[in-house]
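This report describes the fold of one protein chain, passing from a single residue to the elements around it. The sequence and the coordinates are shown first.

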Amino acid sequence: MRPEADDVHELVGRRLREAEQMYTKGRRELVELLLAFGRPASMPDLLELRPKLTQSSMYRNMTDLESAGVVQKIIGTDERTRFELAETLIGHHHHLICTECGAVDDFEVPARTEQALEADLQRALAGTGFRAHSHRLDVIGVCARCA
Ligand SMILES: [Zn+2]
Ligand SMILES: [Zn+2]
């Protein structure tokens with residue numbers, strides 16, 4: 001479920017203040033674009049939405065948002081770097097990654113699957129001393145457009 005934009009902006013503002021950063025117009029615009037895109041976006045994806053933006057300042061703002069924990073990088077199957085808002089902002093989910101076109105889509109599994117996965121992981125980790133606080137699970141395959 002997608003969160004309300006107002007709530008996201010408020011959280012981002014707070015996160016940035018904690019990192020002693022300002023929620024500038026440029027940063028806010030990036031968060032808006034990421035919300036509008038609705039799945040992991042590359043810089044060219046975002047420039048297509050808003051061609052007037054300057055690429056260099058977009059990169060700088062994205063890096064700042066990333067170091068404040070607002071944005072995270074997604075590693076796909078192509079060389080394009082994609083970004084999305086952190087799970088603490090948009091909720092826990094997984095990714096479907098296409099090996100043909102490189103597209104990355106968000107994907108949610110049912111709550112009972114998450115619970116079963118967590119329980120199995122805890123069991124598998126028992127004795128390793130590793131303390132898990134989250135997981136990532138990417139599904140690799142061919143998207144409907146490429147199939
Ligand atoms: Zn995602
Ligand atoms: Zn999960």
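## Leu33 and helix α2

Leu33 counts as partly exposed, because 19 C-beta neighbours lie inside 10 Å, whereas a buried residue requires 20 or more. The model under discussion is predicted. Leu33 belongs to helix α2. Apart from neighbours within four places in sequence, Leu33 is in contact with Leu46, Leu49 and Arg50. The C-alpha atoms of Leu33 and Glu84 are 10.0 Å apart in space, with the two positions 51 residues apart in sequence numbering.

Helix α2, residues 25-37, also meets helix α4: their axes come within 9 Å and cross at roughly 80 degrees. With that angle, α2 is roughly perpendicular to α4. On the α2 side the contact is made by Gly26, Arg27 and Leu30, and on the α4 side by Ser57, Met58, Asn61, Met62, Asp64 and Leu65. Sorted by class, the residues of this contact comprise 4 nonpolar, 3 polar and 2 charged.

## Overall architecture

The protein contains 6 helices and 6 strands. Read from the N terminus, the order of elements is α-α-β-α-α-β-β-α-β-β-α-β. The C-alpha trace spans about 50 × 40 × 25 Å along its principal axes. Of the 147 residues, 17% are buried. Among contacts with a separation of 6 or more, 53% are between residues 24 or more positions apart.

## The antiparallel sheet

Three of the strands are arranged in an open sheet of order β1-β3-β2, with antiparallel pairing. Its edge strands are β1 (41-42) and β2 (71-74), each of which pairs on one side only. The pairing of β2 with β3 is antiparallel and extends over 4 bridges; within the sheet, Gln72 stands opposite Glu84 in β3. Helix α4, residues 55-67, packs on this sheet and touches both β2 and β3, and its direction makes about 105 degrees with that of β2.

## Leu85 and the nonpolar core

Where does Leu85 lie? Leu85 is part of strand β3, which covers residues 82-85. Leu85 is buried, because 22 other C-beta atoms lie within 10 Å. Beyond the neighbours within four places in sequence, the contacts of Leu85 are Val8, Val31, Leu34, Val70, Val71 and Ile90. By comparison of positions along the chain, Thr54 is 31 residues from Leu85, and their C-alpha atoms are separated by 20 Å.

In soluble globular proteins, nonpolar side chains tend to be buried together. The largest nonpolar core here has 14 residues, and those with the most contacts inside it are Leu34, Val70, Val71 and Leu85. At least two residues of this core come from each of α1 (5-18), α2, α4 and β3. The largest share, 3 residues, is supplied by α2.

Val71 can be followed further: residues up to four places away in sequence left aside, it touches Met62, Leu65, Glu66, Phe83, Glu84, Leu85 and Ala86.

## The mixed sheet

A second group of 3 strands forms an open sheet in the order β5-β4-β6, and its pairing is mixed. Why does one side of β5 and of β6 (138-141) lack a neighbour in the sheet? Both stand at the edges and have a single partner strand each, so one side of each is left without a neighbour in the sheet. Ignoring direction, neighbouring strands of this sheet are turned by 25 degrees against each other on average.

Strands β4 (residues 94-98) and β5 (residues 104-107) pair in the antiparallel sense over 4 bridges. The two strands form a hairpin with 5 residues between them, and Gly102 in the turn has a positive phi of about 85 degrees. Two residue pairs between these strands are His94 with Phe107 and Leu96 with Asp105.

## Strand pairings compared

The two pairings that extend over 4 bridges are set out below.

| Strand pair | Sense | Extent |
|---|---|---|
| β2 and β3 | antiparallel | 4 bridges |
| β4 and β5 | antiparallel | 4 bridges |

Technical notes: Residues are numbered from 1 along each chain as its sequence is written. Chains are lettered from A and ligands numbered from 1 in the order in which they are written. This is a predicted model: local features need pLDDT of at least 70, side-chain atom pairs count only at pLDDT 80 or more; totals for chains, interfaces and linings use all residues. A residue is buried if 20 or more other C-beta atoms lie within 10 Å of its own, exposed if 12 or fewer, and partly exposed in between; C-beta atoms are placed from the backbone. Two residues are in contact if their C-beta atoms, placed from the backbone, lie within 7 Å. Two strands pair if DSSP finds at least two bridges between them. Axes are lines fitted to C-alpha atoms, for helices over the stretch in contact, and angles run from 0 to 180 degrees between N-to-C directions. Angles under 35 degrees count as roughly parallel, over 145 as roughly antiparallel, 65 to 115 as roughly perpendicular and the rest as oblique. Ala, Val, Leu, Ile, Met, Phe, Trp, Tyr, Cys and Pro count as nonpolar, Asp, Glu, Lys and Arg as charged, and the others, Gly among them, as polar. A nonpolar core is a set of buried Ala, Val, Leu, Ile, Met, Phe, Trp, Tyr and Cys residues joined through C-beta atoms within 7 Å.
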